[in-house]
Amino acid sequence: MTQPAPRPVLDVRGFRKTYGAKVAANGYSLEVDSGQILGLVGPNGAGKTTLISSVVGIQGFDGGSIAVCGHDVASDPVAAKAGLAFVPDTPSVYGFMTGMGYLDYVCDVFGVPAPERAGRIGGLADRLAMADALGSKASSYSHGMQQKLVLMGAFVHRPALLVLDEPFVGLDPVATRTLRAMLREHADGGGAVLFSSHVLEVVERLCDTVAIVRGGAVRAQGPIEAVMGDETLEDVFMDVMADGAGEGR
Ligand SMILES: Nc1ncnc2c1ncn2[C@@H]1O[C@H](COP(=O)(O)OP(=O)(O)OP(=O)(O)O)[C@@H](O)[C@H]1O
């Protein structure tokens with residue numbers, strides 16, 4: 001990133017989303033500052049993808065506001081999207097494009113200067129063991145390779161905010177370790193990260209802050225040490241699940 005991002009990089013206030021009678025987000029707030037990684041955890045159907053979909057602008061919402069780098073996603077969506085990259089839970093790439101063609105396309109969309117592209121792409125390809133694959137069509141890639149390509153596309157334009165839905169699913173152990181390091185470096189370089197995961201050990205190791213959602217509500221959030229106290233994140237998660245068991249998820 002060339003300029004320090006405004007604080008907070010992601011500002012979610014009073015976020016409310018319903019699907020018919022189903023309340024998938026009940027009006028909660030959360031923030032991610034520059035330098036921070038926020039882990040979003042919760043059981044299946046808790047509302048994690050709902051939040052992420054609204055943050056990245058692929059789904060509207062019913063109440064509250066979301067701003068990325070100070071740009072409101074509803075009233076200024078292009079500016080908000082220019083500041084973020086999104087990695088969905090299922091990689092979706094154009095199979096007819098080569099990996100290099102896809103990355104070049106992403107660089108075009110986000111205005112990555114041409115002289116910088118080869119260096120950035122080469123560096124990411126080396127780290128994620130994708131150098132030999134970029135000349136092949138994405139349709140020939142395995143699931144994990146497609147995931148790596150989408151990750152490369154997210155990192156290549158150096159967004160202020162990285163939003164990732166279950167980013168570790170499908171990655172091999174080496175790539176998992178590499179991605180953890182890349183997310184940490186992104187934050188340490190002044191970026192912000194929001195990601196969802198069911199792998200609590202990864203969240204515990206990697207994140208600065210955590211939000212535990214259940215039934216469309218944030219049940220616990222804050223600095224990860226404060227949320228965990230003397231327990232593991234798994235213990236706290238189980239406490240949250242047990243508390244109010246029988247409520248809708
Ligand atoms: N398009 C939709 N139409 C109706 N209900 C939906 C829709 N998308 C999500 N929901 C409901 O909203 C709630 C939250 O779903 P969401 O996908 O956000 O959960 P999640 O935390 O991402 O779950 P998972 O961990 O299983 O991916 C669930 O009850 C789900 O059934």
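Which residue is the bridge partner of Arg16 in β2? In β2, Arg16 has Asn26 as its bridge partner. The exercises below work outward from that pair.

This is a predicted model: local features need pLDDT of at least 70, side-chain atom pairs count only at pLDDT 80 or more, and totals for chains, interfaces and linings use all residues. Residues are numbered from 1 along each chain as its sequence is written.

**Exercise 1. Trace the sheet that holds β1 and β2.**

Step 1. Fix the terms. Strands (E, at least two residues) and helices (H or I, at least four) are DSSP runs, numbered from the N terminus. Two strands pair if DSSP finds at least two bridges between them.

Step 2. Start with β1 (residues 10–19). Eight bridges join β1 to β2, and the two run antiparallel. Lys17 stands opposite Ala25 in β2.

Step 3. Look at the turn. β1 and β2 form a hairpin with two residues between them. Gly20 in this turn has a positive phi of about 60°.

Step 4. Move to the other partner of β1. Strand β4 (residues 63–68) pairs with β1 in the antiparallel sense over five bridges. Val12 faces Ile66 in β4, and Arg13 stands opposite Ser65.

Step 5. Add β5. Two antiparallel bridges pair β4 with β5. Val68 has His71 in β5 as its bridge partner. This hairpin also has two residues between its strands, and Cys69 takes a positive phi near 55°.

Step 6. Assemble. The result is an open sheet of four strands in the order β2-β1-β4-β5, with antiparallel pairing. β2 and β5 (71–72) stand at the edges with a single partner strand each, so one side of each is left without a neighbour in the sheet.

**Exercise 2. Decide whether strand β9 is enclosed or open, and name its partners.**

Step 1. Set the cut-offs. A residue is buried if 20 or more other C-beta atoms lie within 10 Å of its own, exposed if 12 or fewer, and partly exposed in between; C-beta atoms are placed from the backbone.

Step 2. Apply them. Six of the six residues of β9 (residues 209–214) are buried, so the strand is largely enclosed by the rest of the structure.

Step 3. Check each face. Side chains in a regular strand alternate between the two faces of the sheet. On one side of β9, Thr209, Ala211 and Val213 are buried. On the other, Val210, Ile212 and Arg214 are buried too.

Step 4. Find the partners. Strand β3 (residues 37–41) runs parallel to β9, joined by four bridges. Val41 has Ile212 as its bridge partner in β9. Strand β10 (residues 217–223) runs antiparallel to β9, with six bridges. Arg214 stands opposite Ala217 in β10.

Step 5. Close the hairpin. Two residues lie between β9 and β10, and Gly215 in the turn has a positive phi of about 55°.

**Exercise 3. Describe the shell around the ligand.**

Step 1. List the residues. A residue is near a molecule if its C-beta atom, placed from the backbone, lies within 6 Å of it. The shell includes Tyr19, Lys22, Ala24, Gly42 and Asn44. Also among its members are Gly45, Ala46, Gly47, Lys48, Thr49 and Thr50.

Step 2. Assign elements. β2 (22–32) and α1 (48–55) each supply at least two residues. α1 gives the most, with three.

Step 3. Sort by class. Ala, Val, Leu, Ile, Met, Phe, Trp, Tyr, Cys and Pro count as nonpolar, Asp, Glu, Lys and Arg as charged, and the others, Gly among them, as polar. The shell has three nonpolar, six polar and two charged residues.

**Exercise 4. Describe how the two domains meet.**

Step 1. Take the bounds, which come from an automatic or database domain assignment. Domain 1 is 1–83 + 159–249, and domain 2 is 96–158.

Step 2. Place them. Their centres, taken over C-alpha atoms, are 25 Å apart.

Step 3. Count contacts (C-beta atoms, placed from the backbone, within 7 Å). 11 residues of domain 1 are in contact with 11 residues of domain 2.

Step 4. Describe the domain 1 side. Helix α6 (residues 173–188) gives the most to this side, with four residues. By class, the side has eight nonpolar, two polar and one charged residues.

Technical notes:
Contact = placed C-beta atoms within 7 Å.
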